[in-house]
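Subject: The structure we talked about

Hi there,

Here is the structure I promised to pass on. Please have it open while you read, as my notes follow below.

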Amino acid sequence: MLSSGITVHSGIRELPMPRQFNVASAQLGPIARTEPRASVVARMLKLLHDCERRDVRFVVFPELALTTFFPRWYFEDEAELDSFYERAMPNDDVAPLFEAARNAGIGFHLGFAELTEIEGRKARFNTAILVDPDGTIVHTYRKVHLPGHREYEPQLPFQHLEKRYFERGNLGFPVTETMGGQFGTLICNDRRWPEAFRMLGLQGVELVAIGYNTPQHYPRVPAQDRLMDFHNHLSLQAGAYQNGTYVIGSAKAGLEENCELIGGSCIVAPTGEIVALAATRGDELVTAPIDLDRCAEIKAHIFNFTLHRQPDMYDLLTKTM
């Protein structure tokens, strides 16, 4: 590394990646159970083209962005269930998104249901990837904190069968150096668990992308309904501040198959402040400029982990209750 900060690689002088750029949350409105992926991708492409017009360098699409939120139904037909999963990424359905993003030089986050094979058996994960501006998948995360229930409960107005349709993620909480910074991902319910954020924070994360599908109504504790939007932002803001990182939250929102999903897609600064917020529960692009160097304001002072953490006093955090 030269004193100028210019990297020399194979005799080629490469300028360091800029750490100040525009980012976006690409909120999606409802996706019908019968809406084909091609239609969803066309909607995403419109948001991506808007990103290009606004000079956005990185955009976050929601959790399970390519289909309706299928865990709200109980499926007895395995073939029907499998139709909601992606067996490869990229695939023919999402190839136009990868191509358009690559041509525009825009990196993106995409959440989807993943169907793969482990030791000869089917394995299903709620997955998110980060794709860098040249179209390369550089980061994969599989959701760890699966909410909901495993068995069919007919008394509920809708199901939440993530524990039935997905395995717990097996990749841990990776952080990847890309686009000039340290990037990580969480998915929906993960955002409520400070341990998940802290696992990323301990690795120096500077931007966390989070997609979510969150119902407005919580059948088990309906008194919480009025707080769903508040709790969403509380989790995102606390995670950002306590780990000195930007957080981009992207919702699937609106009335989807008779289930109202919250919106509130936003961009949060390392100080915990919301700097951009969605105004609707439909397809909407929310943008803001960020400066990854601002993460140091928190990391070097208020939450200086090396100076202030006391891990020898936290033994209960890893004990099985």
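A residue is called buried here when its relative accessible area is under 20%, exposed when that value is over 50%, and partly exposed in between. By that cut-off D50, with a relative accessible area of 17%, is buried. Please keep in mind that this is a predicted model.

**Salt bridges**

D50 has a charged partner: R53 forms a salt bridge with it, and the closest N and O atoms are 3.6 Å apart. R53 counts as exposed, at 63% relative accessibility, whereas D50 is buried. Both residues belong to helix α1 (residues 37–53), and because they are three residues apart there, about one helical turn separates them. As a general point, side chains of opposite charge can pair when their charged atoms come close.

How many salt bridges does the structure hold? The count is 25, and two more of them may interest you.

One is between K122 and E78, where the closest N and O atoms are 3.2 Å apart. K122 sits in strand β6 (residues 121–131) and E78 in helix α2 (residues 78–82), so this pair ties together parts that are 44 residues apart in sequence. Both ends are partly exposed: K122 has a relative accessible area of 40%, and for E78 the value is 43%.

The other brings together the side chains of R281 and D229, at 3.4 Å from N to O. Here the loop between β15 (274–277) and β16 supplies R281, while D229 comes from helix α6 (residues 228–243), so parts 52 residues apart in sequence are tied together. R281 counts as partly exposed at 30% relative accessibility, and D229 is partly exposed too, with a relative accessible area of 25%.

E78 and K122 also turn up in a wider arrangement: salt bridges that share partners join E78, D82, R87, K122 and R124 into one network.

**Strand β16**

The loop that carries R281 leads on to β16, so let us look at that strand next. Is β16 (residues 284–291) mostly covered or mostly open? It is mostly covered, as six of its eight residues are buried. Its pairing with strand β3 (residues 20–27) is antiparallel and runs over eight bridges. If you would like one pair to find on screen, take F21, whose bridge partner in β16 is I290. In a regular strand, side chains alternate between the two faces of the sheet.

**Helix α5**

Which residues of helix α5 (residues 194–201) are buried? They are A196, F197, L200 and G201. Looking down the axis of α5, you would see these buried residues fall within an arc of 140 degrees, so they line one face of the helix.

**N304**

Lastly, have a look at N304, found in the loop between α7 (295–302) and α8 (305–308). At 18% relative accessibility N304 counts as buried. What does its side chain reach? A polar atom of the N304 side chain lies 3.4 Å from the backbone oxygen of A300, and the side chain also reaches the backbone nitrogen of L307, at 3.0 Å. Leaving aside neighbours within four places in sequence, N304 is in contact with I298, K299 and R309.

Happy to go through any of this with you.

Best wishes

Key:
Residues numbered from 1 in each chain as written. Predicted model: local features only at pLDDT ≥ 70, side-chain atom pairs only at ≥ 80, totals over all residues. Heavy atoms only, no water. Buried < 20%, exposed > 50% of the residue type's maximum accessible area, 1.4 Å probe, protein only. Helix = DSSP H or I, 4+ residues; strand = E, 2+ residues; numbered from the N terminus. Pairing = 2+ DSSP bridges. Salt bridge = Lys/Arg side-chain N within 4 Å of Asp/Glu carboxyl O. Polar contact = N/O pair within 3.5 Å; in protein donor to acceptor, adjacent residues only side chain to side chain. Contact = heavy atoms within 4.5 Å. Arc of directions from axis to C-beta.
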